[in-house]
Amino acid sequence: MAEKEKDIDKETEIPEIIPVLPVRDIVVFPYMIIPLFVGREMSIKAIEQALAENRMILLLTQRDMSIENPNAADLYEAGTVGMIMRMLKLPDGRVKILVQGLSKARVKKFLRATPYLEAEIAKIEDVKPAMVTIEEEAQIRTVKEQLDKAVSYGKTILPDIMVVIENLDEPGRLADLVASNLGLKTEQAQEILELTDPVKKLKRVSDILGHEIELLIVQQKIQSEARGEIDKTQREYFLREQLKAIQKELGDIDERAEEIREFRQKMEEAKMPEKVLKESEKQLKRLEKMHPDSAEAATIRTYLDWLVELPWAKSTKDNLDIKAAKKVLNDDHYDLEKVKERILEYLSVRKLKEKMKGPIICFIGPPGVGKTSLGRSIARSLGREFVRMSLGGVRDEAEIRGHRRTYVGALPGRIIQGIKTAGTNNPVFMLDEIDKIGMDYRGDPSSALLEVLDPEQNFAFADHYLSVPFDLSNVMFITTGNLADTIPGPLRDRMEIIYLSGYTTEEKLGIAKKYLLPKQLEEHGLTNTILSITDQALNLLISQYTREAGVRNLEREIANLCRKVAKRIAEGKEKKFVITAKTLQGFLGVQKYQAEEEMAKDEVGVSTGLAWTEAGGDIIYIEATTMKGRGNLTLTGQLGDVMKESAQAALSYVRSTAKTLGIKEDIFSKTDVHIHVPAGAIPKDGPSAGITIATAIASVFNGKPVNKNIAMTGEVTLRGRVLPIGGLKEKTLAAKRMGIMKIILPKRNKKDLEDIPKYIKKDMEFIFAETMDQVLKAALKAKKKS
């Protein structure tokens, strides 16, 4: 065959002027035989011209294959002169030709562009070495070995071509033949065609072969891994099918069919609403068609578990015995009459009307007053399940509404989780610390709670995970918080707020005797015959070892007492303990809190005020003094902005009414005023000290002493009006603890006295004032005679 090709090469004379056939997406090499389909008019005319002359035509590759009618600039200059061996006209007007490459040639210039391309060419001769060197022989052998390796990795090359390649020893011919069978990109093939040095050409082909082998290795590795996964899946499938057949022969039950059957049974038992049942059926059908071990099947299985386990129609029957419910509430909690009354009202309405929406109650009060434990008592009195969820620090909306099922590890929100835990659709659901809920980039949980806590919306609560509505209208929601101000307005508007004030000393004494002491004795393995605490000792414990609105620290101190007693018993020192006010310090050490000392006498510039604190009520002494100066006002005692403004307003009032108060009007410009509130380390704020400050300033300027047996509270305006205040119960208690039995109050607070227990108001005198004139008339005594 090689001899025949040499003869053709010798006998064939390449003409200088020749028709040009543009070809797309292929580079034709010498000695390459290839079929071409020709459809363009100019290309068909070029073929016809070649057949009419010597059957030779120049094959030039287009630079851009998308160009339909290329001109000289769109073609590479170098190409291959080919001999048209056969031609066949096709029915669709195209022409099929079989061409054999003869020799490389370069276009010197194009002679015509129509009706076909014609060019003047020059033949390109490869450099032919006199003899094959060792380096060339090594390069030839390398290329042949690389080609064998490529074929072994899956490169498709015809066996006949491989035989020819194996017998070729001429570097240029070998490079052309290998390059024409590698399926190279047009740019790479054109580069090799234009090289005239056989050794360089062969080296370039070797580099391309090396890259091709690397690609084939990676491709084979990828295919092998993919095939391994497919084989593993198929193997598991066949094994499962065999297992099913074996189980069928043995009479065993198909696990998958059993799982589907169980789901259907649970769906019937759950008594789901129609919409939920429809969604459940849809997901169950999807599960039936899926591979049981697929990731999506596990997701659907978990989703169906949630749907069938939720208490769609399961509820507890309310205990509508009003007397029994009242007894439970009284047994669990001391006082709190307003709260107990509200629960009993709900039960009474529930008794008259079977179907009613659950109330949404919010308990607001200081820590330790029993808000959370009150929720448990309500659930016990109603005979319902109790669920508690803390909202403190919750910042993600998904905590309320749940995650969408598209997320990995998605779950319903904590509302639905709580309902599932309760096992009924009408539990008492406590949302603790609602005033401490947060928000960030993940959403606003307080906005999500609007739907939960709205009776007009929560009958169709949409959890993101469930994607079906759940009826929350039967749930009794109880929320708790320390402050109502930090709860967002729209959320606060949906709740019925009940304020729980701090306990009085008498109430704490009752709670300690009835609840705290018996509880701690039991927890420490003691009995009331081993340890008893007198009322005087408990009062001392309440007033001088704790300072709080609730009873948490009181319970801790009682537990501390029990531990010390238990230690002494364990050491064998004593068997019985009676703790009195005198012996209390021996167990707990010195008192932690000292009560404000009572004033010994009436003083000028010192008035007694009443303040509300988180620990309950307290009295504060406000001192005012004057000195020579320029009318400046100095405030000390770590006062807040509101209290500072009250002091400014009080001074302005006294200055504006100086004549009425018997004060020289020009004294203010020559005198500096210093107002101090003792206990400077404790921050103080609020408007209710207004009348107290005004009384102290008026006293220091007109020289009249303030009655030490009168305490006062109220806000003052520049016109001297006395405005109402809050925390009246705590403030009244603080005055009574100090032995002050006369209190000046804003007249508009008179209605609030009804909320104060009678035993607190006993022996107390309340003076109601509308203006500062009335306050000063009651508080100031006659000027002392010098």
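Trainee: Over how many bridges do strand S9 and strand S12 pair?

Mentor: This is a predicted model. Strand S9 spans residues 428-432 and strand S12 spans residues 476-481. One bridge partner of Val428 sits in S12, namely Met476. The two strands pair in the parallel sense, and the count is 4 bridges.

Trainee: Which residue in S12 is the bridge partner of Ile360?

Mentor: Strand S7 covers residues 360-364. S7 and S12 run parallel, joined by 5 bridges. For Ile360, the partner in S12 is Phe477.

Trainee: In what order do the 5 strands of the open sheet lie?

Mentor: S12 is joined to S7 by 5 bridges. S12 also pairs with S9, over 4 bridges. The pairing in the sheet is parallel, and the order is S8-S9-S12-S7-S13.

Trainee: Which are the edge strands?

Mentor: The sheet is open, with 5 strands. An edge strand here pairs on one side only. That picks out strand S8 (386-390) and strand S13 (496-499).

Trainee: By how many degrees are neighbouring strands of this sheet turned against each other on average?

Mentor: Strands of a sheet pair through backbone hydrogen bonds, either parallel or antiparallel. This sheet has parallel pairing. With direction ignored, the average turn between neighbours is 20 degrees.

Trainee: Is S12 mostly covered or mostly open, and how many of its residues are buried?

Mentor: In a regular strand the side chains alternate between the two faces of the sheet. In S12, Met476, Ile478 and Thr480 point one way. Phe477, Thr479 and Gly481 point the other way, and all are buried. S12 is therefore mostly covered, since residues under 20% relative accessible area count as buried, and the tally is 6 of 6.

Trainee: Why does Cys362 count as buried?

Mentor: The cut-off for buried is under 20% relative accessible area. Cys562 is buried too, with a relative accessible area of 0%. Cys362 counts as buried because its relative accessibility is 0%.

Trainee: How many disulfides does the structure hold?

Mentor: A disulfide is a covalent bond between the sulfur atoms of two cysteines. The test for a pair is sulfur atoms within 2.5 Å. The number of disulfides in this structure is 0.

Trainee: What is the radius of gyration of the protein chain?

Mentor: The C-alpha atoms fill a box of roughly 150 × 90 × 60 Å along the principal axes. A compact globule of 786 residues would have a radius near 28 Å. The protein chain has 50 Å.

How values were computed. Residues numbered from 1 in each chain as written. Predicted model: local features only at pLDDT ≥ 70, side-chain atom pairs only at ≥ 80, totals over all residues. Heavy atoms only, no water. Pairing = 2+ DSSP bridges. Axes fitted to C-alpha atoms, helices over the stretch in contact; angles between N-to-C directions. Buried < 20%, exposed > 50% of the residue type's maximum accessible area, 1.4 Å probe, protein only. Rg over C-alpha atoms; globule rule 2.2 N^0.38 Å.
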